[in-house]
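Reader: I've got a chain to look at and a few things to ask. Mind going through them with me?

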Amino acid sequence: MSRFLSPSLAGLAPYTPGEQPRDAQYIKLNTNESPYPPSPRVAEAITTAEVEDLRLYSDPQLTGLVNAIARRNGLSADMVMAGNGSDEILSMAVQAFCLDGGLRFPDITYGFYKVWAALYRVKDRQIPLKEDFTIDPADYYNAGETVVLANPNAPTGIALTLPQIEDILCHNPNNVVIIDEAYVDFGGQSCLPLLAHYDNLLIVQTFSKSRSLAGARLGFAMGAPALIADLNRVRFSFHPYNINRLSLLAGAAAMEDERYFAGCIAAVVSTRQRVAAALTELQCKVLPSRANFLFVCCPGLPGGVYCKKLRDRGVLVRHFTDSRIEDFVRVSIGSDAQMDAYLAATADIIKEASL
Ligand SMILES: *Cc1c(COP(=O)(O)O)cnc(C)c1O
């Protein structure tokens, strides 16, 4: 830290991303990326002519991408905004809606929420999940501050139902409720049908997981036109060219390939079910996941030890040190071959531990 750092940032604990090794020697199940490439239409959209056009700034209105997202979701374009990853959208939402209030979210959830609260000096209120790692909607009634919930939640994979979300929305008429649907395509229920009825609902989704575009950095928000206008006020005060030309094309192409998308989702969901059953067979505890990962506890093995032993066998998974979940690791759903290697490593580790 230099002596020039803003003193108010001295205590800031930044987000720690999952490891991105530069070599290919690991089976990488630690950052919830897709094991499948993006739709072939993405590569087709990135032509030489488009590369030459990189000399021009990108469209600050994000027109082609916003229109593709709006069309796919049956919305008007003024109900959609896109960002450089959903992380950018979420951080803009904290700036748009929380600077003079607070932000409420569960104690166990996406680690970035508390980092943004700290960065923008917004008061955060963390509500413990119930013993079984589910969310009690009543904890979010009449919050009097912005609420952000990942649905399905991370890293548990557990989802709220649509009626539960509606229950939270109708008990918060005077503040924004952000539903982070990063994983919703893998079996959760999107609250998109509620958008027509709630002007306080902001839905955030990403291209990183279900559309295999983590490296393109693309996310989007859907909400009432006034909420979207507020987000654009922040965006145009910060970075109007927030999405580069190639990613704008990639995103629109991916959004339009519904069949490819559905195929990837079906493959991930079927692999997830198979792996969850195999882990249960091995006496592991697996939370009921509706995401592209499993939250797994191996009998008699602390999560940190299990994670390290998997790494020794060439498999990267994610371990979190919060005391409530230290016995668990989060395992992304990879290809069937990758998951077979993970299951074999797990069986080996359990056998070794029981000797
Ligand atoms: C992965 C993830 C995001 C961020 O994704 P981007 O790559 O920035 O679009 C947001 N929220 C949750 C819960 C996530 O897991």
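Reader: Which residue follows helix 3, and is its phi positive or negative?

Author: First, a caveat: this is a predicted model, where local features need pLDDT of at least 70, side-chain atom pairs count only at pLDDT 80 or more, and totals for chains, interfaces and linings use all residues. Residues are numbered from 1 along each chain as its sequence is written, and side-chain values use heavy atoms, with hydrogens and water left out. Helices here are DSSP runs of H or I, at least four residues, and strands are E runs of at least two, numbered from the N terminus. Phi is near 65 degrees, so to speak on the plus side, and the residue after helix 3 is Gly74, with phi positive.

Reader: What do the buried residues of helix 3 pack against?

Author: Buried means under 20% relative accessible area (exposed is over 50%, partly exposed in between; 1.4 Å probe, protein chains only). In helix 3, residues 63–73, the buried set is Leu65, Val66, Ala68, Ile69, Ala70 and Asn73. Taking contact as heavy atoms within 4.5 Å, their partners are strand 2 (80–83), strand 8 (219–223) and helix 8 (245–256).

Reader: And how much of the chain is buried?

Author: The chain holds 11 helices and 13 strands. Of its 355 residues, the buried share is 50%.

Reader: What share of the contacts join residues at least 24 apart?

Author: Count just the contacts between residues at least 6 apart in sequence. Of those, the share joining residues at least 24 apart is 73%.
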